[in-house]
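Below are some notes on the model you sent, set out as numbered points. I have kept to what can be followed residue by residue in the viewer.

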Amino acid sequence: MKEEKNHSRGLWAQMSYGMAEFFNGGAFVIIGSFFSAFLIKAMGMPPALAGTVPLVGNFWDAITDPIMGNITDRTSREMGPKRFYMLIGSIATALSFMAIWIPFSSSAAAMTVFYIVMYCLFSTGSTILMVPYNGLLADMVDDYAVRSKFSNMRMIWSTLGAMVCGVVPTFLIGDPTDASLYFRCCVVFGICFLVTCLVTVAGTWEKQHPPVRSRLIDSFDHAGSVFKSRSFRLFIGIYLSGQCATDFVTGMAVYYVDDVLNGYGNHYFTYLMAAIIVSQLVGMIIWGPVMERTSKRTTILIGAPIRIASTLLLIPFSYQGVSIIFVLLLACGIGIGNAATLTSIFAIMADMPDVDELLTGVRRPGVVSGMSTFARKISSGLSSWLTGVLLAAVGYSSKVAKAGGRQSLYTQHGIALIFILMPVILCILLFIFAMKFPMTEKEYNVIKRDIARRRGEDIPAATEEERRICERVCGISYNRLFDPANEWIGRHNK
């Protein structure tokens, strides 16, 4: 606890910690909102091939994320292993983010290969940055409520990133068929991402732990073992369903505005993104205190139904010539619901290394973060790929789009249904996973006491209720907790 007491946990510390999320919240809004349009509308790639690029790039993280998590836990640095790798990752991510927008005109096959390579480089850079970052808070702060404050500030920065990156590019990319505009825009944002990430590296700290003794070849075995935790399995369900619902909103918004509402030229896309993001920022301010006073899952149980209702109500307003006011009001509801769910997701993530420590007896936030980041990136790639597949299924024509023409009425209706129904289905799953999630502050404190007890601190023996809580949170019997054998999948031959 010494390191924690030597550092302020006030507003500046929270802001410094959260600033790196400007990249995570902003870069993927740009990618989700514009990368598909860049490939299809500007570069003329067929939709199915365009959707393959992020899919392959994110599957590349099947290798890099678990390995990066293991590398982080194995590393010992005076500045802290997570901050050390975040420093390297900040530079690599900024450069590779710019690279994926380089205009490259060639055959469809050659363009596919080129952008897959660029996207894989970007994925690697973001892995070096985000895997340590996602594990950082667990080694900065121990208190459940204080972690909520840091996580809420992180989400405020995420929303600021989404706000800036969702709105500003709509002015910089005035013509969605001009590839050079995308590249110029993203060079500017690459520099912004670098600066904010470096502020986080400079303004944070981490408690030192002995490096984990493990081989790189065992990275996947260690990474897969985190799924032994019942809480982690449910957290992944919460994380992926909540984030993928947002992916479909951002990924389909440009098509919804341009092809369904026919309002891109009237700045409807700017208005739509601004309504979602500004209301999301307001929601962060509202939901943060609610989460601190109740629990990290309570805001999800409130926010998910708000997202579902607001999205479904778009159905009667999804046609050319509709008053944009009705659409924007419902977009505000989506943003408020998003704020409630996103605030909780990353706060819950900070608690997962503690549950894993009770299971294994080993402190390995890098491995837990690596598997979380891996699962998220795979889901993001699947979302992008599925967006391309669904667009192709409803007859979307890249040739018509590049020529500036209107898609058929059948295709317009199909785009509207994708934009509305996919997020609704995912938010229903989000609500179900949150209902089953077993941890509040009470359970968290029991987990921390049990870890301290097993590490030899003078704490009375666990009560029967505490034993049941540990079993419910971890998903295995109390006598099998704190066992290094749980670091592995299946049987481990030493």
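1. Before the interior is discussed, a word on terms: helices here are DSSP runs of H or I with at least four residues, numbered from the N terminus, and a residue is counted in the lining of a cavity when it has an atom within 4 Å of one of the cavity's points. Please also keep in mind throughout that this is a predicted model.

2. On the cavities, the count comes to four of 30 Å³ or more, and the largest of them has a volume of about 720 Å³. This largest cavity is lined by 44 residues, and those lying nearest its centre are Phe28, Val29, Asp247, Thr250 and Arg376. Several helices give two or more residues to this lining, among them H4 (47-59), H7 (108-136), H11 (230-261) and H16 (365-393). Which helix gives the most to the lining of the largest cavity? That helix is H3, with 10 residues, and its span is 21-42.

3. On the surface, a nonpolar patch of about 660 Å² is made by Leu312, Ile315, Leu417, Leu421, Ile425, Ile428, Leu429 and Ile432. Helix H18, which covers residues 409-436, supplies the largest share of this patch, namely six residues. Leu417 is one of the residues that make the patch, and its place is in H18. Because its relative accessible area is 47%, Leu417 is classed as partly exposed.

4. Ser90 sits in helix H6, which spans residues 81-99. Is this serine buried or exposed? Ser90 counts as buried because its relative accessibility is 2%. Leaving aside residues up to four places away in sequence, Ser90 touches Leu129, Leu194, Cys197, Leu198 and Val201. As for its distance from Leu430, the two residues are 340 apart in sequence, and their C-alpha atoms are 31 Å apart in space.

5. Two backbone angles in the loop between H11 and H12 deserve a look. Most residues other than glycine have a negative phi. Asn262, which lies in that loop, nevertheless has a positive phi near 55 degrees, and His267, found in the loop between H11 and H12 as well, has a positive phi of about 65 degrees although it is not a glycine. Asn262 is partly exposed, since its relative accessible area is 34%, and His267 is also partly exposed, with a relative accessible area of 38%.

Terms used. Residues numbered from 1 in each chain as written. Predicted model: local features only at pLDDT ≥ 70, side-chain atom pairs only at ≥ 80, totals over all residues. Heavy atoms only, no water. Patch = residues over 30% accessible without salt bridge, like charges linked within 9 Å, V, L, I, M, F, W, Y side chains within 5 Å. Areas by Shrake-Rupley, 256 points an atom, 1.4 Å probe, with all protein chains shown as cover. Salt bridge = Lys/Arg side-chain N within 4 Å of Asp/Glu carboxyl O. Buried < 20%, exposed > 50% of the residue type's maximum accessible area, 1.4 Å probe, protein only. Contact = heavy atoms within 4.5 Å. 1 Å grid on protein atoms, 1.4 Å probe; cavity = no way out; pocket = protein on both sides within 12 Å on 5 of 7 lines; lining within 4 Å. Points joined across faces, edges and corners; volume = space filled by probe spheres on them.
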